[in-house]
Amino acid sequence: MSTLQDVIDDGWRELNLIALGTSANTAQTAEGVRLLNQIYNFTIGTTAGEALFNWPLGNFGRESSDLLWATTQQLQNPPQNARLVAVNEEALTVYLPVRPSDGAQIAVIDPHARLATYPLVLDGNGMTIEGAATLTLSTNSINKTWLFRADTGNWVLLNPLVETDTNPYPLEFDQFFAMMLALRLAPRSGVELATTTQAYFNEVRKKFVSRYIQNAPLMADPSLTWTSIQGYDQWYTWRYGSTNAFNQGWGMWNGGPW
């Protein structure tokens, strides 16, 4: 597996700004790490998967008239692409989705700096998270995101990452992120990305986007989950068909037209 350092070296090398067989220097690596973390964040809900939405885990800080009406079991079983907001008022175990899409994300934020007092345990729910069955979060003010890798059945840390961390996406997409990085570095370095690189990047991007089209149930506005139902006069519908019944305004009110 590749590290961020490998991707950073490939990005600088794509611009021909470091020699073959060498590695980026300290300043180049630091800039590459910062830009790659931005790129990973940017892919969420754009080139990969769905945008994250907040999933409060409790009622800390809420007005009594605006409480979150949900059972503990509901709070403990968020859907994919949820940003878990640590407003729980006791230690809590959260069970990650049992059938997550490839590229699904789960994030955790601690806006009130309370995780050290009320920690969260993320349970892989049959999968693993960072290679383990569970992961305990007890650091105040945490802000982390994990990506589900269907090829390994593992939730991997997506950000924040350092140069020694493993690239969270599969090896086949190292080139995608190296070229994305090169695109960001080119104007800063006063060079232009080769037209051949740009053409190849477009092809790789298509594969990346198609790979991470998600197929698991996603969150929807509850008001949109119920469609209206039109009841038609049974005799008229049987005699002339539902389309004609609709066009003629026949309904169930008194057995005749509206």
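**Entry 1: the sheet**

I started with a sheet of three strands, an open one with the order S3-S5-S7 and mixed pairing. I looked for its edges next. Strand S3 (92-95) and strand S7 (134-137) stand there, each with a single partner strand, so each has one side without a neighbour in the sheet. I also checked the twist: neighbouring strands are turned by 20° against each other on average, direction ignored.

Note to self before going on: this is a predicted model.

Then I zoomed in on one pair. S3 and strand S5 (residues 120-123) run parallel and are joined by four bridges. I picked out Tyr 95, and opposite it I found Asp 123 in S5. A reminder I jotted down: strands of a sheet pair through backbone hydrogen bonds, in either a parallel or an antiparallel way.

**Entry 2: helix H5**

On to H5, where I counted 17 residues. From first C-alpha to last, H5 reaches 25 Å, close to the 24 Å expected at 1.5 Å a residue.

Which residues of H5 are buried? I found Thr 197, Phe 201, Val 204 and Phe 208. Why do they count as being on the same side of H5? They cover an arc of only 75° around the axis, and that puts them on the same side. When I turned to the other side of H5, I found Thr 195 and Lys 206 exposed.

I wanted to know what the buried residues of H5 pack against. The partners turned out to be helix H1 (4-14) and helix H4 (174-189).

**Entry 3: Gln 214**

Past H5 I stopped at Gln 214. It sits in the loop between helix H5 (195-211) and helix H6 (234-240). Is Gln 214 buried or exposed? Its relative accessibility is 12%, and buried means under 20%, so Gln 214 counts as buried.

I listed what Gln 214 touches, leaving out residues up to four places away in sequence: Gly 49, Glu 50, Gln 80, Asn 81, Ser 101, Asp 102, Gly 103 and Ala 104. I followed up on Asp 102. It is 112 residues from Gln 214 in sequence, yet the two are 6.8 Å apart in space, C-alpha to C-alpha.

**Entry 4: confidence**

Last, I looked up how sure the predictor was. The protein averages a pLDDT of 86, and 83% of the residues score at least 70. Where does pLDDT stay under 50? I found that over residues 252-258, for which the model has 19 contacts beyond four places in sequence. I'm keeping a caution here: where pLDDT is low, the predicted coordinates should not be read in detail.

Conventions:
Residues numbered from 1 in each chain as written. Predicted model: local features only at pLDDT ≥ 70, side-chain atom pairs only at ≥ 80, totals over all residues. Heavy atoms only, no water. pLDDT = per-residue confidence, 0-100. Contact = heavy atoms within 4.5 Å. Helix = DSSP H or I, 4+ residues; strand = E, 2+ residues; numbered from the N terminus. Buried < 20%, exposed > 50% of the residue type's maximum accessible area, 1.4 Å probe, protein only. Expected span 1.5 Å × (residues − 1). Arc of directions from axis to C-beta. Pairing = 2+ DSSP bridges. Axes fitted to C-alpha atoms, helices over the stretch in contact; angles between N-to-C directions.
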